[in-house]
Amino acid sequence: MAPRTSRAIVQTAPRRLELRELPLPDIDDESALLRVEACGICGSDAEQYAGVLPVTLPLVPGHEPLGVIERIGDRAARRWGVDVGDRVAVEALIPCGHCHVCRDGRYQLCRGRGMMFGHGYVPLARAPGLWGAYADYMYLDPFSIVHRIQHDLPASLAVMFNPLGAGFRWAVELPETRPGDRVLVLGPGQRGLASVIAARAAGADTIIVTGLARDARKLALARELGADHTIDVEHEDVRVRVRELTDGRGADVVVEVSANAAEPVAEALHYAAPGGRVVLAGVKGFKAVPDFVSDLAVVKEITIRGAFGVTARAYEAAIRLIESGRVPLARMHTHDFPLTDAERAIRTLAGEEPGESSIHSCVVP
Ligand SMILES: [Zn+2]
Ligand SMILES: [Zn+2]
């Protein structure tokens, strides 16, 4: 008999998660039900857990869903081009389809349904409640965006569409990275490593990654995944090293994906080549950036781009790369956690579990 309820992790307050049994939604002509196979976790999960995101609790977290279509309305099946049994990657954001950015084709900036309207962020009080992927099943809204992905891949790899999609958007699409470009990635976390993979796929000539001394393992992994050089910012002079490694020119593309530290934002202008493109994607808790010398951007005609969301095009590039098996992505995957260990999953990601260090991890219901 078909199940009528789904296990789900519900966040009721900052740092409080509980396992509940929620009713499965009715699926109409335009919506669908996803059986969740895996949900990737990232820094946003840790921020949400800590209570620093502007969301209304209680809610079911989980914004990087991978799963199989369990039920789908006829009209949704036609519009989305998927059917029962198809495996899909689901985009976090659920756009409105009508606002000026949606009409302009930049739906990743849509706030038409409110700030942070997306899978993993919508309150439980809003029917049908199962909006997040820390659950056995998740509701798919008429405006949810899904991408078909091959079945014959482990779920823990297929679910990397999310960080890899960010890599393609932030390190390739936005800075228009071309073959021969010298790309510098500031920060070796999952987004930094994804940027390395994407820049390599785009034909970048030299890829350099920076990190702290304690990131030695991640920097070694960056080299395995395609970086030519890595720099330990605590023991090396980054400005000097970047100059040496780029024939004195500087980096054509700088991707800033370090967490919390504001200094790399100011430093990025020193590392960029004349005409260089700097993409800012690491969030800093809304801190100001000290020692930001804007004249460097002026005299070098540097383009500075902020990056927040990911586009369907970048997700598709990520999915094709995952399916190709060309990159040893499994090396990035460190942890699978059962649903009942969601709290430990987040704490591990946040570095709060002694002796554990994670790069890419996911919750597997
Ligand atoms: Zn995420
Ligand atoms: Zn919109």
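Buried means under 20% relative accessible area, exposed over 50%, and partly exposed in between, with a 1.4 Å probe and protein chains only. This is a predicted model, in which local features need pLDDT of at least 70, side-chain atom pairs count only at pLDDT 80 or more, and totals for chains, interfaces and linings use all residues. Side-chain values use heavy atoms, without hydrogens and water, and residues are numbered from 1 along each chain as its sequence is written.

**Exercise 1.** Identify the donors of the zinc ion (ligand 1) and place them in the chain.

Step 1. Look for donors (N, O and S atoms within 2.8 Å of the metal, or 3.2 Å for Na, K and Ca; water is not among the atoms, so sites may look incomplete). C42 (SG), H63 (NE2) and E64 (OE) coordinate the zinc ion at 1.9 to 2.2 Å.

Step 2. Read the spacing: C-x20-H-E.

Step 3. Locate the pair C42 and H63, with helices (H or I, at least four residues) and strands (E, at least two) taken as DSSP runs numbered from the N terminus. C42 sits in the loop between strand 3 (32-41) and helix 1 (43-50), and H63 in the loop between helix 1 and strand 4 (65-72), so the pair ties together parts 21 residues apart in sequence.

Step 4. Check burial. C42 is buried at 7% relative accessible area; H63 is buried at 6%.

**Exercise 2.** Describe the surroundings of D141.

Step 1. D141 lies in the loop between strand 6 (137-140) and strand 7 (146-148). Its relative accessible area is 5%, so D141 is buried.

Step 2. List contacts (heavy atoms within 4.5 Å). Leaving out residues up to four places away in sequence, D141 touches E30, W80, I94, R113 and W131.

Methods
Chains lettered and ligands numbered in written order.
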